[in-house]
Amino acid sequence: MQDALADRDAADDDLDRTAQTARAALAGRSVEAARTAPYTLIFPDGIDYYIAAPLDAEVSRYGELQSRLDELLPEADPVRQEAVPAINAGVVAFTGAAEALIKARTEEALAGTRLEAAEDAWGRLMTKVYGVLLAELGRSAAERFFPKAKTTKTKPVDRHD
């Protein structure tokens, strides 16, 4: 599950980096670029609208950014040429990673259920085995097969050393 979570977060980071790079490139075109079109039309709510999108809105927000870039920048624009394919690839990666994460969480939940059932079955079996040993051999012999766990007292740590 950790790998799936890391993959989803990495895809999110890649999309964020693409948006930030496109924003910086558009804003850096002139002194007034960040206050005029196409910058203001592509980022009407600021960069945070895209990079701080909730995970369930990630795909739609970056789809919107891709559509704005396609519509508002000429086809030969270097920002569009670089950002649009990167966004498309990032959305595919993010969607795949999000689906893999859902699958991993489901598998983890099922594994936890199987583990709990196995531990319960093991406990019942050990109780039965102890009962058979108790009936066949007596208490002292049965307890040799199931020694009590030894507890060790730990020495307090002197934090002044």
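1. Contacts of Glu58. In this predicted model, Glu58 touches Asp12, Leu15, Asp16, Ala53 and Phe94, leaving aside residues up to four places away in sequence. Glu58 itself is found in helix 4, which spans residues 58–72. Two of the listed partners, Asp12 and Asp16, are acidic like Glu58 and count as negative.

2. Charge state of the Glu58 surroundings. Which side chain of opposite charge is nearest to Glu58? That side chain is Arg61, at a distance of 7.8 Å. Glu58 is buried yet takes part in no salt bridge. A salt bridge requires a nitrogen-to-oxygen separation within 4 Å, so the 7.8 Å to Arg61 does not qualify.

3. Arg61 and the ring of Tyr49. Arg61 lies over the face of Tyr49, at 4.1 Å from the ring centre. Tyr49 counts as partly exposed, because its relative accessibility is 23%.

4. The aromatic cluster. The structure holds five aromatic pairs. One of them joins Tyr49 and Tyr50 in an edge-to-face arrangement, with 5.1 Å from centre to centre and 80° between the planes. The two rings fall into separate accessibility classes: Tyr49 is partly exposed at 23%, whereas Tyr50 is buried at 1%. Ring pairs also link Tyr49 and Tyr50 with Tyr39, Phe43 and Tyr62 into a cluster.

5. The pair Tyr130 and Phe146. These two rings form a further edge-to-face pair, at 5.6 Å centre to centre and with 85° between the planes. Tyr130 belongs to helix 5 and Phe146 to the segment after helix 6, so the pair ties together parts that lie 16 residues apart in sequence. Both side chains count as partly exposed, Tyr130 at 23% relative accessibility and Phe146 at 28%.

6. Salt bridges and the link from Arg29 to Asp77. Side chains of opposite charge can pair when their charged atoms come close. The structure holds seven salt bridges. One of these joins the side chains of Arg29 and Asp77, with 2.7 Å from N to O. Why does this pair tie together parts that are 48 residues apart in sequence? Arg29 lies in the loop between helix 1 (2–27) and helix 2 (39–42), and Asp77 lies in the loop between helix 4 (58–72) and helix 5 (78–137), so the salt bridge connects two separate loops. Is Asp77 buried or exposed? Asp77 counts as buried, because its relative accessibility is 8%, while Arg29 is partly exposed at 42%.

7. The salt bridge of Arg35 and Glu32. In this pair the closest N and O atoms are 3.6 Å apart. Arg35 counts as exposed, with a relative accessibility of 57%. Glu32 is partly exposed, at 43%.

8. The salt bridge within helix 6. Glu143 and Arg139 meet through their side chains at 3.1 Å, N to O. Where do these two residues lie? Both are in helix 6 (residues 139–145), four residues apart, which is about one turn of the helix. Arg139 is exposed at 58% relative accessible area, whereas Glu143 counts as partly exposed at 29%.

Definitions and conventions:
Residues are numbered from 1 along each chain as its sequence is written. This is a predicted model: local features need pLDDT of at least 70, side-chain atom pairs count only at pLDDT 80 or more; totals for chains, interfaces and linings use all residues. Side-chain values use heavy atoms; hydrogens and water are left out. Buried means under 20% relative accessible area, exposed over 50%, partly exposed in between (1.4 Å probe, protein chains only). Contact means heavy atoms within 4.5 Å. Rings of Phe, Tyr and Trp (its six-membered ring) pair if their centres lie within 6.5 Å; planes under 30 degrees apart count as stacked, over 60 as edge-to-face and the rest as tilted. A charge sits over a ring if NZ of Lys or CZ of Arg is within 6 Å of the ring centre and within 35 degrees of the ring normal.
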